[in-house]
Amino acid sequence: MKYKALFLDLDGTILDTIEDIRVSVNYSLVKHGFTPRTIEQIRLSLGYGSPHLIKTSIEKEVDEKTFKAVFDDYKEHYKNHVDIFTKPYDGCLEILTKLKQKGIKLALITNKPHDIALQLTDIYFPNLFSVIYGQQTAIKSKPDPESVYLALDNLSLRKEEILYIGNISKDEVSFHF
C-alpha cells in the first residue's frame, strides 16, 4: 500500500530544539533558586509536554504556586527565545518539500505548545503541513493518540494510510513504526 500521509513529531524529529529548551528551562530554574540542568537531564524529561519538563527539572517537590511561577517564566522565556539555536535536521526541509510535491500530506503532531509549534513551522517549514496539532488544553497530549486521530479525521485518512515518525504509545494505537 502506498502511504498518503506522513505524520511527524517536531522536537528531536525534524527540529533540533534542545539547546533553546535547555536555556529557557535553566533561565527559569536559576531565577527561582533551583539548580540548572544539563542537556542530558533535559532530554530525559522531554516527550510529555512542558509541564512535565518543568516538574521533573525542579530537583525537589514544590508547592503549586512555586511550580506555576517557574513554569510561567519558562514559557515566557521560551516563547521569546524559541529559535536562537534551533535548526532543522539536515535534509528535512528538502525531503518534506519533495514529499509534499509528490502529493503526500504532512501532519505535525507535537507536545510543544500549539502557538510555538505554529511559530516554528512558519519559520522553518512554511506552508508544508496540512495540519498541525500542538499542545492545547482541549486535546490530550502524547503519548495519548487523540491528536493523531484528529489529524486522521481532518485529512480523511485511515491509520493504515499513514507513516508516523515520532513518539506515541504503541499500546494505545497500532501505527507503522
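**Fold, cores and the setting of Asn26 in a predicted model**

Buried residues account for 43% of the 177 residues in the chain, as computed from a model that is predicted. The accessible surface of the chain amounts to about 9,500 Å², and 53% of this surface belongs to carbon and sulfur atoms. The charged side chains comprise 23 positive and 25 negative charges, whose mean positions lie 4 Å apart.

The chain contains seven helices and six strands, and, read from the N terminus, these elements follow one another in the order β-β-α-α-α-α-β-α-β-α-β-α-β. With a radius of gyration of 17 Å, close to the 16 Å that the globule rule gives for 177 residues, the chain is as compact as a globular protein of that length. The C-alpha trace spans about 55 × 30 × 25 Å along its principal axes. Of the contacts between residues at least 6 apart in sequence, 67% join residues that are at least 24 apart.

The largest nonpolar core comprises 34 residues, and those with the most contacts inside this core are Ile14, Val25, Ile54, Leu96, Leu120, Phe125 and Phe129. At least two residues of the core are supplied by each of strand E1 (5-8), helix H1 (18-31), helix H2 (39-45), helix H3 (50-57), helix H4 (64-80), helix H5 (92-101), strand E4 (105-113) and helix H6 (114-124). Helix H4 provides the largest share of this core, namely five residues. The surroundings of Leu96 illustrate the packing: when neighbours within four places in sequence are left aside, Leu96 is in contact with Leu6, Leu8, Ile14, Leu106, Phe125, Leu128 and Phe129. A second core, separate from the one described above, consists of 14 residues, including Ile139, Val148, Leu152 and Leu155.

Attention may also be given to a single polar residue, Asn26, which is located in helix H1. The relative accessibility of Asn26 is 10%, and because residues under 20% count as buried, Asn26 falls into the buried class. Apart from residues up to four places away in sequence, Asn26 touches Pro36 and Arg37. Between Asn26 and Ser57, which are 31 residues apart in sequence, the distance in space is 8.9 Å from C-alpha to C-alpha. Helix H1, in which Asn26 has its place, is also among the elements that each supply at least two residues of the largest nonpolar core.

Notes:
Residues numbered from 1 in each chain as written. Predicted model: local features only at pLDDT ≥ 70, side-chain atom pairs only at ≥ 80, totals over all residues. Heavy atoms only, no water. Helix = DSSP H or I, 4+ residues; strand = E, 2+ residues; numbered from the N terminus. Rg over C-alpha atoms; globule rule 2.2 N^0.38 Å. Buried < 20%, exposed > 50% of the residue type's maximum accessible area, 1.4 Å probe, protein only. Contact = heavy atoms within 4.5 Å. Areas by Shrake-Rupley, 256 points an atom, 1.4 Å probe, with all protein chains shown as cover. Lys, Arg positive; Asp, Glu negative; His and termini not counted. Charge placed at Lys NZ, Arg CZ, Asp CG, Glu CD. Core = buried A, V, L, I, M, F, W, Y, C linked by side-chain atoms within 4.5 Å.
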